[in-house]
Amino acid sequence: MTTVGRWSPNKVRARVLDGTWVSTEELGGMVLLTPTSIAYSGTSATVGANGSVTFSACSVLSLNGVFSADYDNYMVSVRHVSSTDTALFARYRASGVNADAANYTDQAIDATGASVNGFRSTSETGARYGVMSSSQRGGDTIYVYGPALAQPTASRNVNAGAQSNAYIGDRAATHSLSTAYDGLTLYTGSGTFTGLVSVYGLVGA
Amino acid sequence: MSKNGLILLTPTSIAYTGTSATISANGSVSFTACSVLSLNGVFSADYDNYMVLWAGANSTTDIPIYRLRASGTDATASNYVTQNLSATGTTVSGTRTAANGYGWYGYTSTSKFGNTSFFYGPFLSQPTAVRLLSVNSRDGAYLHDDASTHSLSSSYDGFTITAQNGSFTGRVAVYGMRK
């Protein structure tokens, strides 16, 4: 008898006739995930066939069911253009409910021209990430550490903003509750944003 | 041929100082209360560049260090230079450590830390560069980035992470970036 099964989220193995196991030759390290559902405030948001979410003129976009026990850590890629110069924020989310109590802290480094500034925001109701601009497209890559674990969560973004034509708005953000979350809500500081968001699970990390 | 761009790798072996460290079935390494953790045989000719994701908690706040490693032996000579960029509150600071026997490797804290690093060409017989992005819970939230170089044109198949203070618990995973 030949048995074929899923060994881990993206690796398949099979037991062959001599009783030994063979597996796919390599384990892909980053898996594009599909939200179980989304919610939004704005013009439109749709889940693509591969799991990425395209959104237009939204002020709030929630992705449900992207964090799970399959992965500890995640990478979130967002490209964005906003209706006004503003910032990208996020809240963790469990069973469709945002964690919006004042348990977020973020530490910033902003750089524009020769000006480099740091600031810390404490007891926030959401994590602040990079800057968004109405003039050109920008992007954020956000590493999220352990959101589905019943431990405090940390995240780190790398931002390319278009304010003043080019802008760095990097953040290190923590959330202090030891709660497991399955989703993420992205929202703007003001106005709306348009773009694409993809959530990747990092296999084995 | 697979189109996976990022491949999770399995060390050929590990070594550690501390309570425990184990290689999981998929190749990532979980460790408990370790002050030293070495991963052997993760860099090879199959990939030029790598991403390493290391997350967990430490018994205290610490600036850990790394050393490249070949055939089970750390490269300890003074060939590492690290440029650090840190931010805490309104203080943004940079530090360079020159001609050290190690490179800085992010920051660890007691509640939670996440360090994502990129190794450029460690297995190539060329100098190696490492860039690290860190988040940790010191002072609530702390940003600590490192860019380090190792000047020797030697080939390395692994690396060692060492705590300068305390011991760390968590998991590390090494990914090869398909050429």
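In chain A, 46% of the 205 residues count as buried. The model described here is predicted. As to secondary structure, chain A has 18 strands and zero helices. When the contacts in chain A with a separation of 6 or more are examined, 65% of them are accounted for by residues 24 or more positions apart.

Chain A also meets a second chain. At this interface, 36 residues of chain A are in contact with 34 residues of chain B. On the side of chain B that touches chain A, at least two residues each are supplied by strand E1 (6-8), strand E4 (49-58), strand E7 (80-88), strand E8 (91-100), strand E10 (113-120), strand E11 (128-136), strand E12 (142-150) and strand E14 (168-177) of chain B. The largest share of this side, four residues, is that of E11(B). Sorted by class, the side of chain B that touches chain A holds 17 polar, 15 nonpolar and two charged residues.

Within chain B, one residue may be considered individually. B:Leu53 is placed in strand E4 of chain B, a strand that supplies at least two residues of the side touching chain A. B:Leu53 counts as buried because 24 C-beta neighbours lie inside 10 Å, where the cut-off for a buried residue is 20 or more. B:Leu53 and B:Ser117 are 64 residues apart along the chain, and their C-alpha atoms are separated by 6.5 Å.

Notes:
Residues are numbered from 1 along each chain as its sequence is written. Chains are lettered from A and ligands numbered from 1 in the order in which they are written. This is a predicted model: local features need pLDDT of at least 70, side-chain atom pairs count only at pLDDT 80 or more; totals for chains, interfaces and linings use all residues. Two residues are in contact if their C-beta atoms, placed from the backbone, lie within 7 Å. Ala, Val, Leu, Ile, Met, Phe, Trp, Tyr, Cys and Pro count as nonpolar, Asp, Glu, Lys and Arg as charged, and the others, Gly among them, as polar. A residue is buried if 20 or more other C-beta atoms lie within 10 Å of its own, exposed if 12 or fewer, and partly exposed in between; C-beta atoms are placed from the backbone.
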